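Subject: A structure for you to look at

Hi,

Here is the structure I promised to pass on to you. Have a look at it first, then read on for what turned up in it.

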Amino acid sequence: MILTFKKLLHQKRTELTTMRNRYLTGLEKLEFASNEVGKMQIELRNLQPLLIETSIETDKLLHKIAQESVEVEAQREIVASDEMIANQSASISKAIKDECESDLAEAMPILNDALSSLDTLKQSDITLVKSMKNPPNVVKLVMEAVCIMLNEKADRKPDGTGRMIEDYWSSSLKLLNDLKFLDRLKNYPIDNISINIMKKIRDNYIPNIDFDPKIVKNASTACEGLCKWIIALDKYDKVVKIVAPKKEKLTIAESELKV
C-alpha cells in the first residue's frame, strides 16, 4: 500500500511539474507576445503621421482623378460633337461634289459639240466668206455674233438715212484675215465667258429664227460651224454658271474639313 502511495505521489509530482512547466512556457509566450504588441504599437504610433499624410495624398489623388474624369468626359463630348460636325460636312461636300460632277457630265457633251463645230471649219470655207462682196444677212448675223464673242468692236457708219449704225462686217473681215483666228476660237475661255457678252448673244442672236445652223448652212459652211459653236457655248455657259457657285461651296466645305 505504501508503494502504491509512493507511486501515486510520484505521478502527481510529475503532473504538477509538467503543468508548472507549461504554465511557465505560457507566461513566457504571453510576455513575448506582449512585448511584440508593444513594439507594434510603437511602430504604429511612429507610422501614424505617415499614414495620415498618405491618406491625405490619396484623397487629393482621388479628387484629381475625379476632376480629370470630368474634363475627359467633357473633352470626349467635344470630340464627339466635332466628329459629328465633320461627318455632316463630309456628307455635304460629297453631295455637292456629286451634284457638280452630274452637272459637268451634262456639260461635257455640249462642250464636245462646240469643239467639234470648230473642227468642221476649213481654211477654204473661211476664204470663201472673206471673198463675199455682198454677204447674205445670215452670214453677217453669225459673224456679228462671233465678233461679240471675241469682244471685237463694231464700226459706226451712216445707214443712208442720216442715222449711225454699228457695222460688224469690217471687224468680221479683220477676224477672218487673222491667221490665229481658229486658234482664238479653240482656246476661247469657255469657263469664264463675260456675263455681258452672253447677255448680248442671248438677247439678239439665240432667239433669232435665222440664227440656225440649218439655215446658215445654205449660205456658208464656215458660218454654219461658227453658228453651232456659239449655240453650244450658250448651252455650256448656262451649265457652268450653275456649277460655279456649287464649286465655290465645295471648296469652302472641303477647306472646313481640313481645319
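Helix 3 and helix 6 are roughly antiparallel to each other, because the angle between them is about 165° and anything over 145 degrees counts as roughly antiparallel. Their axes lie 9 Å apart, and helix 3 passes helix 6 in a left-handed crossing. If you wonder what those two numbers are for: two packed helices are described by the angle between their axes and the distance between the axes. One thing to keep in mind as you read is that this is a predicted model.

Which other helices pack against each other like this, roughly antiparallel? Helix 2 and helix 4 do. Helix 2 covers residues 123-130 and helix 4 covers residues 169-177. They pack at an angle of about 150°, with 10 Å between their axes, and that crossing is left-handed too.

Now for the whole chain. It has eight helices and two strands, and along the sequence they come in the order α-α-α-β-β-α-α-α-α-α. Of the 259 residues, 26% are buried.

Back to helix 3, which runs over residues 137-149. V138 sits in this helix, and V138 counts as buried because its relative accessibility is 13%, where the cut-off for buried is under 20%. V138 also shows how the fold brings separate stretches of sequence together: V138 and E224 are 86 residues apart in sequence, yet their C-alpha atoms are 9.7 Å apart in space.

After helix 3 comes a loop that leads to strand 1, and N151 is found there. N151 has a positive phi of about 60°, although N151 is not a glycine. That is worth a second look, because most residues other than glycine have a negative phi.

Next, the salt bridges. How many does the structure hold? There are seven. Here are some of them.

One is between K157 and D167, with the closest N and O atoms 3.2 Å apart. This pair links the two strands: K157 is in strand 1 (residues 155-158) and D167 is in strand 2 (residues 164-167), 10 residues apart. K157 counts as partly exposed, because its relative accessibility is 33%.

Another joins the side chains of D237 and R202, at 2.9 Å from N to O. Here the partners come from distant parts of the chain: D237 is in helix 8 (residues 221-258) and R202 is in helix 6 (residues 195-204), 35 residues apart. Is D237 buried or exposed? D237 is buried, since its relative accessibility is 1%. R202, with 27%, counts as partly exposed.

A third one, between K238 and D234, has an N to O distance of 3.8 Å. Both residues lie in helix 8, four residues apart, which is about one turn of the helix. K238 is partly exposed, with a relative accessible area of 44%, while D234 is buried at 4%. Put these pieces together and you get a network: R202, D234, D237 and K238 are linked by salt bridges.

While you have D237 on the screen, look for N192 as well. N192 and D237 are 45 residues apart in sequence and 8.3 Å apart in space, C-alpha to C-alpha. N192 is in the loop between helix 5 (181-186) and helix 6. N192 is exposed, because its relative accessible area is 63% and the cut-off for exposed is over 50%.

Last, go to helix 1, which spans residues 2-119. Which residues form a nonpolar patch on the surface? They are L61, L62 and I65, and together they have about 280 Å² of accessible area. L62 belongs to helix 1 and is exposed, with a relative accessible area of 52%.

If you want a route through the model, try this one:

- Start with helix 3 and helix 6 and look at their left-handed crossing.
- Move on to the network of R202, D234, D237 and K238.
- Finish at the surface patch of L61, L62 and I65.

Write back with any questions once you have had a look around.

Cheers

Key:
Residues are numbered from 1 along each chain as its sequence is written. This is a predicted model: local features need pLDDT of at least 70, side-chain atom pairs count only at pLDDT 80 or more; totals for chains, interfaces and linings use all residues. Side-chain values use heavy atoms; hydrogens and water are left out. Patches are made of residues with over 30% relative accessible area and no salt bridge: like charges are joined within 9 Å, nonpolar side chains (Val, Leu, Ile, Met, Phe, Trp, Tyr) within 5 Å. Accessible areas come from the Shrake-Rupley method with a 1.4 Å probe; for residues, only the protein chains shown count as cover. A salt bridge is a side-chain nitrogen of Lys or Arg within 4 Å of a carboxyl oxygen of Asp or Glu. Buried means under 20% relative accessible area, exposed over 50%, partly exposed in between (1.4 Å probe, protein chains only). Axes are lines fitted to C-alpha atoms, for helices over the stretch in contact, and angles run from 0 to 180 degrees between N-to-C directions. Angles under 35 degrees count as roughly parallel, over 145 as roughly antiparallel, 65 to 115 as roughly perpendicular and the rest as oblique. A crossing is left-handed if the near helix is turned anticlockwise from the far one by less than a right angle, and right-handed if clockwise.
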